[in-house]
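Hi,

Here is the model I promised to pass on. Have a look at it first, and my notes follow below.

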2 protein chains.
Amino acid sequence: MQEAIQEILKKNQLSVTGSRVKILELFLDQPGALAHGDIERKTGEKFDRVTVYRTLQVFLNKGIIHSIPTADNSVLYALCKDDCGEGHHHDNHVHFVCDKCGNTVCLDEVTVPAIRLPRGYKFSQVQVVINGKCKDCTRE
Amino acid sequence: MQEAIQEILKKNQLSVTGSRVKILELFLDQPGALAHGDIERKTGEKFDRVTVYRTLQVFLNKGIIHSIPTADNSVLYALCKDDCGEGHHHDNHVHFVCDKCGNTVCLDEVTVPAIRLPRGYKFSQVQVVINGKCKDCTRE
DNA sequence: TTTATTTTGCAACAAAGTTGCATCTGTGTA
DNA sequence: TACACAGATGCAACTTTGTTGCAAAATAAA
Ligand SMILES: [Mn+2]
Ligand SMILES: [Mn+2]
Ligand SMILES: [Zn+2]
Ligand SMILES: [Zn+2]
């Protein structure tokens, strides 16, 4: 785990610091997406709020995490796969928000469908966010 | 115009007040979506910030407007079609954000495609937000 | 170890959103 | 038309969220 984290940071030419390690740990420890608030809570008193903002910003720029738009317009972040890098994201998968348990996950195996746009429109990015009940919440 | 506004409010059992009329006017005056800030600016000094928040909240609940999630996680609102009502929204169309002019529009004629979810997942709502260049910005 | 470069925490601030309450206004009724 | 009442508004105070500048601390390289 610790080696994986070091590797991610090194690969992106980022120095290995307490906050970066801790925040990556949080992402790797669980399968879903995290809000800024979650991170602030889970890191406890350990880091300054500003540091968390700046760390997430750096991770975003480096293509280590991506942000997820949600229907209630809260900001969520999740780990990117290997093919994202500095300046170029390729997170063309669907995001799922469970209305029961509140978790949000990347459905990496579900790619966003092709959509026919009206004449004149050119797309650069398509975001799909699906609300519903996740697989843990439907069986019961 | 004014009659249309009155009708919308009456149909939803809302009293006809200055802020509600003015805000509906703003939505009807243009084809796109509006951010809270846009509305505050365009209503000038006329209404309190809190009133704008509360008016938008009421319109959301009544199904007069819907909110649009965006990639940069800002909050946008746009008029619903007739089939939305109190407690039930049916805005299953695609939203388009132009990266050039900044406008966001509802593509009412583009319905969201069916998406195969992994076993166990049940969807209730699918949001599609597309970034790119709008039809006004591609011709030039 | 020393040094140069980043990163961090702090303070101060700005923007966004919420809540309680007194006052005002729109609407239905007499 | 006048009245009463529910609901809408404005204001103040507050919370939450996000930003910026700068000095101190930590990291990575020499
Ligand atoms: Mn994702
Ligand atoms: Mn729409
Ligand atoms: Zn769930
Ligand atoms: Zn445009």
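What is the strand order in the open sheet of three strands in chain A? The order is β1-β3-β2, and the pairing is antiparallel. Two strands count as paired if DSSP finds at least two bridges between them; helices (H or I, at least four residues) and strands (E, at least two) are DSSP runs, numbered from the N terminus.

Before going on, some housekeeping: this is a predicted model, with local features needing pLDDT of at least 70 and side-chain atom pairs counted only at pLDDT 80 or more, while totals for chains, interfaces and linings use all residues. Residues are numbered from 1 along each chain as its sequence is written, chains are lettered from A and ligands numbered from 1 in the order in which they are written, and side-chain values use heavy atoms, leaving out hydrogens and water.

Back to the sheet. β1 (34-35) and β2 (65-69) of chain A are at the edges with a single partner strand each, so one side of each has no neighbour in the sheet. Two bridges join β1(A) to β3 (residues 75-79) of chain A, and L34(A) has Y77(A) in β3(A) as its bridge partner. Helix α2 (residues 18-28) of chain A packs on this sheet and touches β1, β2 and β3, its direction making about 85° with that of β3(A). Helix α4 (residues 49-62) of chain A lies across β2 and β3, at about 100° to β2(A). Contact here means heavy atoms within 4.5 Å; axes are lines fitted to C-alpha atoms, for helices over the stretch in contact, with angles from 0 to 180 degrees between N-to-C directions.

Now the DNA. Strand D is surrounded by 19 residues, the closest being V16(A), S19(B), R20(B), T51(B) and R54(B) (near means a heavy atom within 4 Å). Sugar and phosphate make up 61% of the strand D atoms that come within 4 Å of the protein. Phosphate oxygens of strand D lie 2.7 Å from a backbone N or O atom of V16(A), 2.8 Å from a polar side-chain atom of T17(B) and 2.5 Å from a side-chain N or O atom of T51(B).

Last, the metal. The protein donors of the manganese ion (ligand 1) are H66(A) (NE2), H93(A) (NE2), H95(A) (NE2) and C106(A) (SG), at 2.0 to 2.2 Å. Donors are N, O and S atoms within 2.8 Å of the metal (3.2 Å for Na, K and Ca); water is not among the atoms, so sites may look incomplete. H66(A) in β2 and H93(A) in β4 (residues 93-98) of chain A are 27 residues apart, linking distant parts of the chain.

Cheers

Technical notes
A polar contact is a pair of N or O atoms within 3.5 Å; within protein, one must be able to donate a hydrogen and the other to accept it, and residues adjacent in sequence count only if both atoms are side-chain atoms.
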